[in-house]
Amino acid sequence: MSSRILIESDRLNVWISPLGGAIVEGHPVEGMPFLRRYKGNAKFDVADGACFPPVPLGNRVENNAFSFGGRTFAFARNADDPLYIHGDGWLGAWAVEECRADHVELAFDKQQSAVSPYAYHVRQSFRLLGARLELLMSVTNTGGVTLPFGLGFHPFFPRTPLTTLLAQAQAWWTEGDGHLPASRGAIAEDVDFSTTRPLPDSWLNNCCESWNGVARIVWPKRRLGVHIKADSALDRYMLYAPDQDKSYFCFEPMSHTPNALRHVDADTMGLKLLAPGETLSAGFTMTVFDWSDDNG
């Protein structure tokens, strides 16, 4: 099933695609979109959508391989990037397990292959409760060995010159070669979103750690805002803002640091070791609100 599915409440409309287990777009019943508007072709392309699920891990894997428990596991490139990126779920066809007016549940099964050593079953649900969109995901190791797993969500938000972000974290990673994290340190002042501030007019592709799980995005001219609340399992976020296309940015709740597999024997960096049959779950919500100068 590749058609788009509409879920709706009295406040929001959200379109879901089983292709990629992704959100196509989302907006209030009346008003501007709170997620990036879809600009792709009639056949859905997840890269042009509004949110996709990084699973069984997010971001890139250095050298397309990692060592764990005395063994080496290899990946193959799975997209245009030379490195294996964002797992497999965003590239797969998900089955529709349940579909109601305000709720969709999808499932995806991945077998071990030349592209990835992971075998797993993942379920993802999208539910509307008034002005709140709730996303939940759980992944179960269906392979024969214990492996490190991670989860995340990769939403794309509209970006305007006055867009502001509030998202308190304690540290961040600079970006190195190949868009991999380089070094961990104090957050630079112009990207310290512990207080509300506009996005800088520059390239961003950084992981922020020890996040308190709360964020707020505001589009003042649109009189629109989004409150984000993540489970404790998602204690990091990726912030991505391209410098060529300034129409969007990404704020990605994550369970683990990018390229964590490189260090997994010494430090899991948020990855969870799942034995066969064990499950990792995480979720977050986006609540849309009407913004005014009076409420900041």
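The lining of the largest pocket in this predicted model is made up of 12 nonpolar, 5 polar and 6 charged residues. These 23 lining residues surround a centre to which F52, R60, I85, H86 and W90 lie nearest. The volume of this pocket comes to about 550 Å³. Several strands take part in its wall: at least two lining residues each are supplied by β12 (154-158), β20 (236-241) and β21 (248-254).

A visit to the second largest pocket follows naturally. This pocket holds about 210 Å³ of space. It is lined by 13 residues, and R36, R37, K39, S247 and Y248 are the closest to its centre. By class, its lining divides into 5 nonpolar, 1 polar and 7 charged residues. Pockets of this kind can be found because rolling a probe the size of a water molecule over the atoms shows where empty space is left.

Attention now turns to the interior. The largest nonpolar core comprises 75 residues, and the members that touch the most others are I23, F34, I228, F251 and M286. Strand β23 (residues 279-290) gives this core its largest share, 5 residues. Another core lies apart from it, with 12 residues that include A22, V24, F44 and F52. F52 is thus a residue to look for twice, as a member of this other core and as one of the residues nearest the centre of the largest pocket.

F251 offers a good place to explore the largest core. With neighbours within four places in sequence left aside, F251 is in contact with P155, F157, L165, A167, W211, A215, I228, Y237, M238 and L239. One of these partners, I228, is itself listed with F251 among the core residues that touch the most other members.

The backbone also has some points of interest. V55 and P56 are joined by a cis peptide bond, with omega at about 15 degrees. P56 is placed in the loop that runs between β4 (51-52) and β5 (65-68). Two residues other than glycine have a positive phi: H179, with a value near 65 degrees, and R223, with a value near 55 degrees. Each belongs to a loop, H179 to the one between β14 (171-175) and β15 (181-185), and R223 to the one between β18 (214-219) and β19 (224-230). H179 counts as partly exposed, because its relative accessibility is 34%. R223 is likewise partly exposed, with a relative accessible area of 41%.

The cysteines complete the picture. A disulfide is a covalent bond between the sulfur atoms of two cysteines. The count of disulfides in the model is 0. For C208, the closest cysteine sulfur belongs to C207 and is 6.7 Å away, so the two are too far apart for a bond; the cut-off for a disulfide is 2.5 Å between sulfur atoms. C250 is in no disulfide either, as the nearest cysteine sulfur, in C51, is 9.2 Å away. Both of these cysteines are tucked out of reach of the probe to a great extent: C208 counts as buried because its relative accessibility is 2%, and C250 counts as buried because its value is 0%.

Notes:
Residues numbered from 1 in each chain as written. Predicted model: local features only at pLDDT ≥ 70, side-chain atom pairs only at ≥ 80, totals over all residues. Heavy atoms only, no water. Core = buried A, V, L, I, M, F, W, Y, C linked by side-chain atoms within 4.5 Å. Buried < 20%, exposed > 50% of the residue type's maximum accessible area, 1.4 Å probe, protein only. Helix = DSSP H or I, 4+ residues; strand = E, 2+ residues; numbered from the N terminus. Contact = heavy atoms within 4.5 Å. 1 Å grid on protein atoms, 1.4 Å probe; cavity = no way out; pocket = protein on both sides within 12 Å on 5 of 7 lines; lining within 4 Å. Points joined across faces, edges and corners; volume = space filled by probe spheres on them. Nonpolar A, V, L, I, M, F, W, Y, C, P; charged D, E, K, R; others polar.
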